[in-house]
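Dear colleague,

Please find below the structure that I am handing over to you. After it I have set out what was found, with each term explained where it comes up.

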Amino acid sequence: GVSHYSYTYDGSDTLLSFDNIFQVKLQGYNGITYALADNTDITGATLDTTVAQTIALTAGVDTLGGSSIVTFTANSASYSTSDNLYGGAGNNALNLSGGGTFNIGSNVHGVQNIVLDNNQYALTVTSSGVTNINAAAITDYSHSFSVDASAVNQGLTLSGGAGENTL
């Protein structure tokens, strides 16, 4: 059978994880409702469109998103092309940290901004929704930043960092 659990966020609780649960539905603060499946997925989420959300990717396969402004956070251990990211209404972002090689492709939907921290990056971007890549936080001259966006057919704004930038 399927086990169902309820959890109400009262503003002071922190949900860390549920193990071996097929589906969990969370509802609480400002009417935000999350539906989790397979321990790491947030699918069919209904989010208050007036509340910006920050959602961290996990090492597993993630399906994450919502209808509000969403900022996804990831590093090379948590992001993969098997993840499915769905940005909500407004200006959404994927904030990458720790450096590495990332392929931002058809698995990323409705995410306009890719934001990088002060590390070395190599990006391949094929997602048609990405309109801005911001590497301005790269202040270390020894960190390089490269991006291949040759498959993107719309306008793309690139902000390079202090190190060597290859576009």
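In β12, the bridge partner of L96 is L116, and this pair belongs to the four bridges that join β9 (residues 93–96) to β12 (residues 113–116), two strands that run parallel. Strands here are DSSP runs of E with at least two residues, while helices are runs of H or I with at least four residues, and both are numbered from the N terminus; two strands count as paired if DSSP finds at least two bridges between them. On to β14 (residues 132–134), β12 is joined by three bridges, again in parallel, with V115 having N134 as its bridge partner in β14.

Before going further, please note that this is a predicted model, in which local features need pLDDT of at least 70 and side-chain atom pairs count only at pLDDT 80 or more, whereas totals for chains, interfaces and linings use all residues. Residues are numbered from 1 along each chain as its sequence is written, and side-chain values use heavy atoms, with hydrogens and water left out.

As a whole, the protein has 17 strands and zero helices. Of its 167 residues, 37% count as buried, a term that means under 20% relative accessible area, with exposed meaning over 50% and partly exposed lying in between (1.4 Å probe, protein chains only).

One open sheet has four strands in the order β10-β13-β15-β17, with parallel pairing. Its edges are β10 (100–104) and β17 (165–166), each of which has a single partner strand, so one side of each is left without a neighbour in the sheet. Between β10 and β13 (residues 121–125) there are five bridges, and T101 stands opposite A122 in β13. Four bridges then pair β13 with β15, where V147 is the bridge partner of L123, and two bridges join β15 to β17, with F145 opposite N165 in β17.

A second open sheet has three strands, in the order β6-β8-β11, and its pairing is also parallel. The edge strands of this sheet are β6 (63–65) and β11 (108–109), each pairing on one side only. Three bridges pair β6 with β8, and G65 stands opposite Y86 in β8.

The largest nonpolar core (buried Ala, Val, Leu, Ile, Met, Phe, Trp, Tyr and Cys residues joined through side-chain atoms within 4.5 Å) has 27 residues, and those with the most contacts inside it are L94 and L123. The elements that give two or more residues to this core are β7, β9, β10, β12, β13 and β15 (145–148). Leaving aside residues up to four places away in sequence, L123 touches nine residues' worth of neighbours listed as L96, F102, I114, L116, I133, F145, S146, V147 and D148, where contact means heavy atoms within 4.5 Å. In β15, F145 and V147 make up a covered face, while S146 and D148 make up an uncovered one. In a regular strand the side chains alternate between the two faces of the sheet.

Finally, D83 is found in the loop between β7 (70–74) and β8 (84–86), and D83 counts as buried because its relative accessibility is 0%. A polar atom of the D83 side chain lies 2.8 Å from the backbone nitrogen of D62. Residues that D83 touches, beyond four places away in sequence, include L57, G60, S78 and N107.

With best wishes

Note on methods:
A polar contact is a pair of N or O atoms within 3.5 Å; within protein, one must be able to donate a hydrogen and the other to accept it, and residues adjacent in sequence count only if both atoms are side-chain atoms.
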